[in-house]
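Hi,

Here is the structure I promised to pass on. Have a look at it first, and then read my notes below.

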Amino acid sequence: MAHGFLTASLLPMLNKQVLEVTGLSATINYGLNKLRFPAAVKVGAEIRSRIKLVDLQRVDANRTLATYQTTIEIRGEDKPACVAENLAMYVTG
């Protein structure tokens with residue numbers, strides 16, 4: 001079984017495969033507001049990321065803070081492996 005924080009460490013990589021934001025000079029992993037591990041990921045299990053934009057806040061002329069709800073689903077399982085409210089800071093210019 002994979003430890004929950006191993007699953008959480010995959011969030012940026014999995015979300016990058018699902019979401020593309022263009023015109024940026026940088027994207028910064030800004031942390032987590034909430035993090036839950038409803039089910040364990042068994043060795044060899046297939047997982048996928050489902051992401052939903054919850055909030056978007058303009059910080060200043062060059063920075064925008066995005067809040068996402070990300071759910072890591074396990075193929076064939078009723079409960080997700082991870083449910084997180086994660087933050088990304090987008091920088092332009």
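Before the notes, one cut-off you'll need: a residue is called buried when its relative accessible area is under 20%, exposed when that area is over 50%, and partly exposed in between. Also keep in mind that this is a predicted model.

Let me start with the whole chain. The protein chain has two helices and four strands, and from the N terminus on they come in the order α-α-β-β-β-β. Along the principal axes, the C-alpha atoms fill a box of roughly 45 × 20 × 20 Å. There are 93 residues in the protein chain, and 31% of them are buried. The accessible surface adds up to about 6200 Å², with 52% of that belonging to carbon and sulfur atoms. If you take the contacts in the protein chain with a separation of 6 or more, 63% of them are between residues 24 or more positions apart.

Now to the strand I spent my time on, β3. Strand β3 covers residues 63–74. How many of its 12 residues are buried? The count is 10, so I'd call β3 mostly covered, going by the under 20% cut-off for buried.

β3 has a partner on each of two counts. With strand β2 (residues 47–58), β3 runs antiparallel, and 11 bridges join the two. β2 and β3 also form a hairpin, with four residues between them. With strand β4 (residues 82–91), β3 pairs over 10 bridges, again in the antiparallel sense. L65 is a handy place to see both pairings: in β3, L65 stands opposite Q57, and in β4 the bridge partner of L65 is M89.

Two other residues of β3 are worth a click. One is T71, which sits in this strand. Is T71 buried or exposed? Its relative accessible area is 7%, so T71 counts as buried. Leaving aside neighbours within four places in sequence, T71 is in contact with R48, S49, R50, P80, C82 and V83.

The other is E73, also in strand β3. With a relative accessible area of 18%, E73 falls under the 20% cut-off and therefore counts as buried. Not counting residues up to four places away in sequence, E73 touches E46, I47, R48 and R50. Which side chains make polar contacts with the side chain of E73? R48 does, at 2.6 Å, and so does the side chain of R50, at 2.7 Å. R48 and R50 turn up among the contacts of T71 as well. If you want a long step along the sequence, try E73 and L11: they are 62 residues apart in sequence, and 12 Å apart in space from C-alpha to C-alpha.

Last, something on the surface. V18, L19 and V21 make a nonpolar surface patch of about 200 Å². V21 lies in the loop between α2 (11–18) and β1 (26–36). The relative accessibility of V21 is 36%, which is between the 20% and 50% limits, so V21 counts as partly exposed.

If you only have a minute, open β3 and look at E73 with R48 and R50, then turn to the patch made by V18, L19 and V21.

Cheers

Technical notes
Residues are numbered from 1 along each chain as its sequence is written. This is a predicted model: local features need pLDDT of at least 70, side-chain atom pairs count only at pLDDT 80 or more; totals for chains, interfaces and linings use all residues. Side-chain values use heavy atoms; hydrogens and water are left out. Buried means under 20% relative accessible area, exposed over 50%, partly exposed in between (1.4 Å probe, protein chains only). Two strands pair if DSSP finds at least two bridges between them. Contact means heavy atoms within 4.5 Å. A polar contact is a pair of N or O atoms within 3.5 Å; within protein, one must be able to donate a hydrogen and the other to accept it, and residues adjacent in sequence count only if both atoms are side-chain atoms. Patches are made of residues with over 30% relative accessible area and no salt bridge: like charges are joined within 9 Å, nonpolar side chains (Val, Leu, Ile, Met, Phe, Trp, Tyr) within 5 Å. Accessible areas come from the Shrake-Rupley method with a 1.4 Å probe; for residues, only the protein chains shown count as cover. A salt bridge is a side-chain nitrogen of Lys or Arg within 4 Å of a carboxyl oxygen of Asp or Glu.
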